[in-house]
Amino acid sequence: MLKENTKAPDFTLIDQNNKSHALFEYRDKWVIIYFYPKDDSPGCTKEANNFKENLDKFKDLNAEVIGISPDLPQSHKKFADKYGITLTLLSDPNKEVISKYHARGLVTKRVSYLVNPDGIIAKAYSTVNPARHAEEILQDLKYLRG
């Protein structure tokens, strides 16, 4: 895991709509970066839906949610369309960003980071419950924002 209070490594990846996203573009916002193994698998679907159900609450707190897996943009698009997922899903097929964020394993590890508006990791999550993870981050975000 990357340490809290350290700079989040920058990256540029493509989303489910073939749009490029760079972490630095989210300065002045809180960013939840969550890594997951595979589109449309049971745990990953549960986690994505949990974030989707809480997306308005995150937006109200000036926070963006970004999911990253090694799946290709076409897979992300199919997954997003199937479940009505409107959050940003980024493709990292070479696992470069996954490696930078210490989420690489035999399969991508389910880890998350809460990054503050200055690009600093405010909280790192090495243990994730896909069904309740969004609520956990919301509580931390409310606390950290003061």
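Which residues does phenylalanine 51 touch, not counting residues up to four places away in sequence? In this predicted model, in which local features need pLDDT of at least 70, side-chain atom pairs count only at pLDDT 80 or more and totals for chains, interfaces and linings use all residues, phenylalanine 51 touches Ile32, Tyr34, Phe58, Val65, Leu87, His133, Ala134 and Ile137, a contact being heavy atoms within 4.5 Å. Residues are numbered from 1 along each chain as its sequence is written, and side-chain values use heavy atoms, with hydrogens and water left out.

The largest nonpolar core, a set of buried Ala, Val, Leu, Ile, Met, Phe, Trp, Tyr and Cys residues joined through side-chain atoms within 4.5 Å, has 25 residues, and Phe51 is listed with Ile32, Tyr34, Phe58, Val65, Leu87 and Leu89 among those with the most contacts inside it. Buried here denotes under 20% relative accessible area, exposed over 50% and partly exposed in between, with a 1.4 Å probe and protein chains only. Two or more residues are given to this core by strand 3 (30–35), helix 1, helix 2 (55–60), strand 4 (63–69), helix 3 (73–83), strand 7 (121–125) and helix 5, where helices (H or I, at least four residues) and strands (E, at least two) are DSSP runs numbered from the N terminus. The largest share, four residues, comes from helix 5. Another core, of 21 residues, lies apart from it and includes Ile33, Ile98, Val111 and Val115.

Within helix 1, the buried residues are Cys44, Thr45, Glu47, Ala48, Asn49, Asn50 and Phe51, and the buried residues of this helix pack against strand 3, helix 2, strand 4, helix 3, strand 6 (112–115) and helix 5. The axes of helix 1 (residues 42–53) and helix 5 (residues 133–145) come within 8 Å and cross at roughly 45 degrees, the axes being lines fitted to C-alpha atoms over the stretch in contact and the angles running from 0 to 180 degrees between N-to-C directions. Helix 1 is therefore oblique to helix 5, since angles under 35 degrees count as roughly parallel, over 145 as roughly antiparallel, 65 to 115 as roughly perpendicular and the rest as oblique. Glu47, Asn50 and Phe51 of helix 1 make this contact with His133, Ala134, Glu135 and Ile137 of helix 5.

Two loop residues have positive phi without being glycine. Aspartate 40, with phi of about 65 degrees, is placed in the loop between strand 3 and helix 1 and, at 35% relative accessibility, counts as partly exposed. Lysine 95, with phi near 60 degrees, is found in the loop between strand 5 (88–91) and helix 4 (96–100) and, at 19% relative accessibility, counts as buried.
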